[in-house]
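The report below looks at one strand and its surroundings, then at a nonpolar core and the cysteines. Please read it alongside the sequence and the coordinates.

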Amino acid sequence: MRNVNKILIPILCISLFLVGCGTRRGTVETKAVDMASMELFSSSPSVALPRTCLSGNLKISVNVDNKPFSAKGTMKIKEGAGVQIGVTALGLVEIACLEFLPENMRLIYKIGREYTEVPYSDVAFLQKTGLNYSMLESVLMNKVFSPDGRPVLQAMQDMDYADEGNCVTATTAEINGITYKFYIDKSSGELVQSEGTHTDGGKVICRYSDFYTVSGSTFPHTILLTLDGAGSAVSLQFVLDRISMGDFMFTPRSISSSYDKLNAEKILKSLGNM
């Protein structure tokens with residue numbers, strides 16, 4: 001459980017920062033749009049091509065304050081249905097699963113035969129900011145997203161565009177204390193980086209690399225998430241393999257009636273002490 005812990009807690013830290021943006025709209029300032037930059041963004045696969053399903057194997061590498069750890073697992077994402085990350089032992093047997101569903105998140109520990117299921121509305125700091133679950137999906141699917149809940153193409157009209165070397169960037173207005181910025185590579189048109197900066201100084205950066213063709217579209221082989229804040233630095237790298245974007249039925253993990261249900265604070269505290 002100590003090793004599983006080193007994987008799941010960093011995933012939770014970064015994911016809760018991501019879903020902590022509000023579905024409530026911030027003040028959007030109308031301005032002249034840089035049409036050339038917006039056209040580049042609009043034609044990017046991260047905006048123009050539909051990405052509704054993703055499944056595959058992955059290697060998860062975590063580094064918390066220069067202490068590395070890695071494990072193998074699987075990831076499944078279906079738009080509007082959920083994100084499912086399984087951690088396996090020896091690459092064969094799933095020993096833990098973390099699920100982000102539209103209304104709640106679940107942690108299932110098969111070895112300890114315990115789980116927790118928490119509505120996002122019960123997480124105190126998320127109550128203050130609201131929730132946009134679709135943002136987490138978009139980050140893991142290499143998609144440009146709208147943090148204020150509007151359609152992406154509409155929201156793009158109100159972003160600030162800039163030429164930054166090899167990339168064109170688009171920056172959103174501040175939404176509930178967080179500003180988001182997207183980087184599109186000029187030559188490939190790929191979304192190579194997304195980042196969110198909180199007014200309290202916390203920052204999460206998602207970098208995409210090693211693009212290759214999957215189901216007629218390009219997709220990054222490597223996704224690197226880094227989180228800086230509260231005096232700690234966390235990085236989480238997903239290296240994906242055998243990716244499929246074919247449709248599938250998303251089914252949340254079943255939980256045996258013999259499993260003990262713990263509240264989120266208790267289970268995270270017990271994990272942190274392992």
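## Strand 4 and its surroundings

Strand 4, which spans residues 93–100, is mostly covered, with 7 of its 8 residues buried. The model is a predicted one, and the description that follows should be read with that in mind.

On one side, strand 4 pairs in the antiparallel sense with strand 3 (residues 82–89), and 7 bridges connect the two. Within this pairing, G86 has C97 of strand 4 as its bridge partner. Strand 4 also pairs with strand 5 (residues 104–109), again in the antiparallel sense, this time over 5 bridges; here E99 stands opposite R106 of strand 5. The connection between strand 4 and strand 5 is a hairpin of 3 residues.

### A buried glutamate

Which residues of the chain does E94 contact, once its neighbours within four places in sequence are set aside? E94, a residue of strand 4, is in contact with T74, G86, V87, T88, K110 and R253. G86, one of these contacts, is also the residue whose bridge partner in strand 4 is C97. E94 has a relative accessible area of 14% and therefore counts as buried, the cut-off being under 20%. Two of the contacting residues, K110 and R253, are joined to E94 through side-chain polar contacts, as tabulated here.

| Side-chain pair | Polar contact |
|---|---|
| E94 and K110 | 3.0 Å |
| E94 and R253 | 2.8 Å |

### The nonpolar core

The largest nonpolar core holds 55 residues, and those touching the most other members are F41, L54, I60, M75, F100, F182 and F238. For F41, the contacts beyond its neighbours within four places in sequence are V47, V144, M156, Y161, V168, T169, A170, F182 and I184. F182 therefore appears twice in this picture, because it is named both among the core residues that touch the most other members and among the contacts of F41, where contact means heavy atoms within 4.5 Å.

### Cysteines

How many disulfides does the model contain? The count comes to 0, the rule being that a pair of cysteine sulfur atoms must lie within 2.5 Å. A disulfide is a covalent bond between the sulfur atoms of two cysteines. Two of the cysteines can be described by their accessibility: C53, at 2% relative accessibility, counts as buried because the value falls under 20%, and C206 is likewise buried, with a relative accessible area of 3%.

Technical notes: Residues numbered from 1 in each chain as written. Predicted model: local features only at pLDDT ≥ 70, side-chain atom pairs only at ≥ 80, totals over all residues. Heavy atoms only, no water. Core = buried A, V, L, I, M, F, W, Y, C linked by side-chain atoms within 4.5 Å. Buried < 20%, exposed > 50% of the residue type's maximum accessible area, 1.4 Å probe, protein only. Helix = DSSP H or I, 4+ residues; strand = E, 2+ residues; numbered from the N terminus. Pairing = 2+ DSSP bridges. Polar contact = N/O pair within 3.5 Å; in protein donor to acceptor, adjacent residues only side chain to side chain.
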